[in-house]
Each structure stands twice: as structure tokens, then as C-alpha cells.
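Biologist: I would like a close look at how the helices pack in this model. Start with one part, then walk outwards from there. Please keep it brisk.

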Amino acid sequence: MLTVYILCALVIKTTIQCHSQPHFKPDLPSRPPQNLSYNTASMLFQPQNSSHPALAQKGPLPPYKNHTICSHLEPTPDEALEDRALLDAIVWPKPPAPTSLHQTSDPVHSLFAILPSKGGRELHVGDQLEALVQMQDFQGRPKHYGGDFLVARLHSPELGAGVAGTVVDHLNDDQELENRSIEPGPVKYNPAGYYYKGSWRLFDGTPVRQFDAKSITQCLTGKVMNMYGDSTMRQWFEYLRVGPFMAVDCKHNILLKYHCHGPPIGFSTDRASELRYVANELDRLPGGPNTVVALSLWAHFSPFPVEVYIRRMRNIRRALERLLARGPGTLAVIRSANLRALDKERSLNHSDWFSLQLDRILRNMFMGLAVVFVDAWEMTLAHHSPHNIHPPPDIIKNMISLILTKVCPAKKKS
């Protein structure tokens with residue numbers, strides 16, 4: 001089953017990872033294109049044509065200036081340069097001219113068709129599946145500019161298999177949607193992979209160990225695991241142990257701690273005294289080879305200017321750099337943002353598009369640092385379950401398995 005989530009025409013490519021039949025023939029576009037339903041909404045796009053009018057600049061960008069009423073928070077010249085680079089990284093194309101609602105993308109009128117493979121050969125496991133999606137407006141006319149936020153996945157519920165696709169937006173009525181490359185790049189995300197039989201597997205072939213209660217205890221023996229962030233991080237804590245903020249296993253010398261991050265926060269269940277600025281908490285840790293630090297901060301920041309998030313992440317990065325310097329061997333894990341379900345009320349302040357902007361800031365901010373990324377965006381998109389800010393237990397289990405595989409890698413056979 002090919003599911004395309006849509007909110008312009010694009011080409012979909014996704015690596016086939018379903019280990020069922022040795023090969024299969026996809027539906028070719030000789031039949032009439034199929035209509036997209038309202039359930040199809042949208043993925044990461046990559047601008048390919050900077051000469052498009054939507055991105056054309058009339059002159060050089062003005063120097064970035066982040067004004068604040070607190071003089072001691074004024075960015076230094078280096079920070080201002082980084083701020084400018086981060087904001088450039090999340091620039092999104094706009095319509096070339098003022099556009100009415102009727103001229104925006106309409107999933108009902110938009111079409112897609114699976115494309116034939118190169119040379120017309122049969123597709124095998126590991127090949128790329130391509131599909132063409134033609135975005136049309138509410139009047140049934142093809143769109144001629146890009147900028148739509150699209151997501152796509154290929155999944156087989158029968159096999160418990162799924163893989164996420166990526167979108168390449170050519171900023172006209174053509175977009176490409178392709179799988180994440182299976183070749184290792186300059187930055188590795190601990191899950192760049194796919195599901196098979198409900199388990200997450202890595203494209204690079206690194207085995208992901210499976211853990212039960214006994215093996216989790218064995219892996220964490222003698223370890224201190226500090227978890228900081230929002231409720232998406234608390235899910236990890238609750239999966240490992242039951243407790244409000246701390247769990248201790250004296251017999252196996254295990255200490256697990258969770259703290260909610262400091263404001264902004266969108267719930268009132270935690271006392272103000274329990275809200276901690278993560279950078280301050282990291283500065284209190286000695287670190288070392290028996291220390292694991294896990295971070296997840298994004299869900300409560302989308303209603304605020306992105307500069308707020310940039311400043312918070314910069315302070316955390318600096319604290320993390322100090323921790324890794326004084327405590328060599330510390331394992332730092334960063335969980336990315338993920339897709340969420342959106343009703344009318346939540347859509348007033350949140351959206352997956354906002355989450356995507358924060359996710360790009362997060363990845364760029366910690367690039368080059370000795371940390372492990374858990375790509376929650378990819379793991380939730382590839383899964384067959386509906387979008388939820390709090391992923392279901394089977395996704396959490398796979399996330400924990402990834403982390404513990406890093407904490408306790410399999411011993412190499414002699």
C-alpha cells in the first residue's frame with residue numbers, strides 16, 4: 001500500500017524494504033491517475049531550483065538582528081551569524097503572487113500515479129518505487145509553484161513493514177518524493193531505517209538488539225540515565241520504570257531520572273519547582289562512561305517565535321559540550337520531533353509544519369557533536385499507526401531498543 005500525505009506534482013521514490021515476494025510489478029501509469037483523498041496530507045521537501053520566482057531575492061538579505069529587551073541576551077556577532085544560517089535553513093517558498101484560497105492545493109482534485117521502473121524491469125527489494133503526484137487547486141487546475149508540505153510512506157500492514165519517503169520540491173508543479181538514501185552520509189541518524197515484522201531495522205545493516213525486562217536490567221546495571229524534556233521523553237522514562245521523577249534499583253545499581261524542561265510549557269500538572277532548565281541540569285552532572293543523557297524538547301515551542309527555540313538549543317548545546325569534555329564516555333541521546341494528530345483547537349497553535357521547522361533547527365544545532373539521534377520523525381512516519389504526539393507503545397519499544405543497542409552493543413564474535 002502506498003500512502004501519500006498531502007497538503008504540487010511530485011515524483012515519489014521509496015526503497016522497497018518489504019521482505020515478502022522476491023519481486024513484483026507495480027501498477028504502471030497507463031491506467032487513469034487515482035484521486036487523492038482528504039486523508040492524504042503531507043513531507044520534507046528540498047528546494048532544487050533557487051531561480052524560481054518564489055525564492056528570488058531583490059537584493060542581499062539584510063544583516064540578521066535579533067532584538068531583545070534584555071541587553072545581556074543580545075546575540076554576539078558569532079551567534080547572530082549562526083541565527084541567520086539557521087533561519088536560512090528553514091526558509092519556505094511563498095506563492096509568486098497573492099493567492100486566493102481557491103488557488104491553493106486541494107487533495108480532492110490532486111492526482112497520483114505509480115511510475116514504471118527504469119527500463120520497464122520488475123522491481124526488487126531495495127529498489128526505489130517512484131510515483132508522480134500532480135497537485136491541483138480547488139478549481140481543478142494544476143499548480144505552477146511549489147512550497148507544499150508533503151509526507152509519504154510505503155507500508156505493508158500484513159508484514160508489519162513500512163518505510164518513510166522524502167520529497168524533493170522543484171518549486172513548480174513537479175516534486176520528487178524519494179526514500180532516505182541507504183548510503184551513509186556525513187551525518188548519521190541512529191534510525192535511518194525501516195520496519196519489518198514490527199521491528200525497526202537500520203539501512204546500514206547494524207543489528208538492533210531486542211530487549212525484554214531482564215535484558216534491560218542487565219544493560220542498565222551500574223548506569224545513571226538522565227532524561228530531560230517534554231512528555232515525549234517522559235514516555236521513555238515510563239517505559240523503563242514506573243515512578244514520578246526517579247526510579248532506583250539498589251540491587252543492580254541503576255538510577256533513572258526524569259525532569260520536565262523549563263518554560264515554555266503547555267500543561268500545569270508539574271509543580272513549578274520541578275521545572276528545570278536543561279542546560280543548568282547538564283552542568284550539574286559529572287558524566288562519564290556510566291552516564292546516559294537523553295533529551296527531547298520541541299512539542300511546546302511551536303507556538304513561539306523560532307528564535308526562542310534557537311536560543312534554548314544553543315544553551316543546551318554548550319552545556320552538552322561542557323559535559324562531554326569533563327565526562328568522556330558520556331552517551332548523549334537526542335530525540336527528534338514527530339508527527340502529531342491535529343484537531344481544530346490544537347491547529348490554532350501547532351502544526352506538523354511548525355514541528356518540521358523546529359526539527360531542522362535541532363538537527364543543524366547539534367550537527368557535528370558526538371550525540372546519538374533517534375529520528376522519531378522517520379519512525380512515526382514509517383509506522384502504520386495514526387499520527388500521535390505520543391507514539392504508541394510499539395514505536396516507543398523500538399526507540400528504546402535503539403538506545404539500549406548503543407548503551408550495550410552486541411559483543412563481536414571472535
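Modeller: What follows starts at one helix packing, moves to a second, and ends with single residues in loops and a strand. Keep in mind that this is a predicted model.

Start with helix H2, residues 213–220. Which of its residues are buried? They are Ser215, Ile216, Thr217, Cys219 and Leu220. An α-helix has 3.6 residues a turn, so residues three or four places apart point the same way. The buried residues of H2 pack against two helices, H3 (231–240) and H8 (393–407). They also pack against strands S14 and S15. After H2 comes glycine 222. Its phi is positive, near 80°.

Two of those partners, H3 and H8, also pack on each other. Their axes are 10 Å apart, and the angle is about 80°. H3 is therefore roughly perpendicular to H8, since angles of 65 to 115 degrees count that way. On the H3 side, the contact is made by Gln235, Trp236, Tyr239 and Leu240. On the H8 side, it is made by Ile396, Lys397, Met399, Ile400 and Ile403. By class, seven of these residues are nonpolar, one is polar and one is charged.

Take one residue from that contact, isoleucine 396. It belongs to helix H8. Is isoleucine 396 buried or exposed? It has a relative accessible area of 3%, so it is buried. Set aside the neighbours within four places in sequence, and isoleucine 396 is in contact with Gln235, Trp236, Tyr239 and Pro391. Gln235, Trp236 and Tyr239 are among the H3 residues that make the contact with H8. Methionine 379 is 17 residues away from isoleucine 396 along the chain. The C-alpha atoms of these two residues are separated by 9.6 Å.

Now the other helix pair, H1 and H6. H1 covers residues 77–89, and H6 covers residues 352–365. Their axes come within 9 Å and cross at roughly 135°. H1 and H6 are therefore oblique to each other. The crossing is right-handed. H1 contributes Glu82, Leu86 and Ala89 to the contact. H6 contributes Arg360, Ile361, Asn364 and Met365. The contact of H1 with H6 has four nonpolar residues, one polar and two charged.

Step back from H6 along the chain. Serine 351 sits in the loop between strand S17 (331–335) and H6. Its relative accessibility is 17%, so serine 351 counts as buried; the cut-off is under 20%. The side chain of serine 351 reaches the backbone nitrogen of tryptophan 353 at 3.2 Å.

Return to the strands beside H2. Asparagine 253 is in the loop between S14 (246–249) and S15. Its phi is near 55°, a positive value in a residue other than glycine. Because its relative accessibility is 55%, asparagine 253 counts as exposed. Further on is the loop between S15 (254–260) and helix H4 (278–283), where proline 264 lies. The peptide bond from proline 263 to proline 264 is cis, with omega near 5°.

Lysine 197 also has a positive phi, near 55°. Lysine 197 is found in the loop between strand S11 (193–196) and strand S12 (199–202). With a relative accessible area of 62%, lysine 197 is exposed.

Two buried residues remain. Glutamine 136 lies in the loop between strand S7 (128–134) and strand S8 (151–156). At 9% relative accessibility, glutamine 136 is buried. A polar contact of 3.0 Å joins its side chain to that of glutamine 134. What else is glutamine 136 in contact with, leaving aside its neighbours within four places in sequence? One stretch includes Thr104, Ser105 and Asp106. His109, Ser110 and Leu111 are also in contact with glutamine 136. So are Arg141, Pro142 and Lys143.

Aspartate 169 lies in strand S9, residues 161–169. Its relative accessible area is 0%, so aspartate 169 is buried. Leucine 150 is 19 residues away from aspartate 169 along the chain, and their C-alpha atoms are separated by 9.4 Å.

Key
Residues are numbered from 1 along each chain as its sequence is written. This is a predicted model: local features need pLDDT of at least 70, side-chain atom pairs count only at pLDDT 80 or more; totals for chains, interfaces and linings use all residues. Side-chain values use heavy atoms; hydrogens and water are left out. Axes are lines fitted to C-alpha atoms, for helices over the stretch in contact, and angles run from 0 to 180 degrees between N-to-C directions. Helices (H or I, at least four residues) and strands (E, at least two) are DSSP runs, numbered from the N terminus. Angles under 35 degrees count as roughly parallel, over 145 as roughly antiparallel, 65 to 115 as roughly perpendicular and the rest as oblique. A crossing is left-handed if the near helix is turned anticlockwise from the far one by less than a right angle, and right-handed if clockwise. Contact means heavy atoms within 4.5 Å. Ala, Val, Leu, Ile, Met, Phe, Trp, Tyr, Cys and Pro count as nonpolar, Asp, Glu, Lys and Arg as charged, and the others, Gly among them, as polar. Buried means under 20% relative accessible area, exposed over 50%, partly exposed in between (1.4 Å probe, protein chains only). A polar contact is a pair of N or O atoms within 3.5 Å; within protein, one must be able to donate a hydrogen and the other to accept it, and residues adjacent in sequence count only if both atoms are side-chain atoms.
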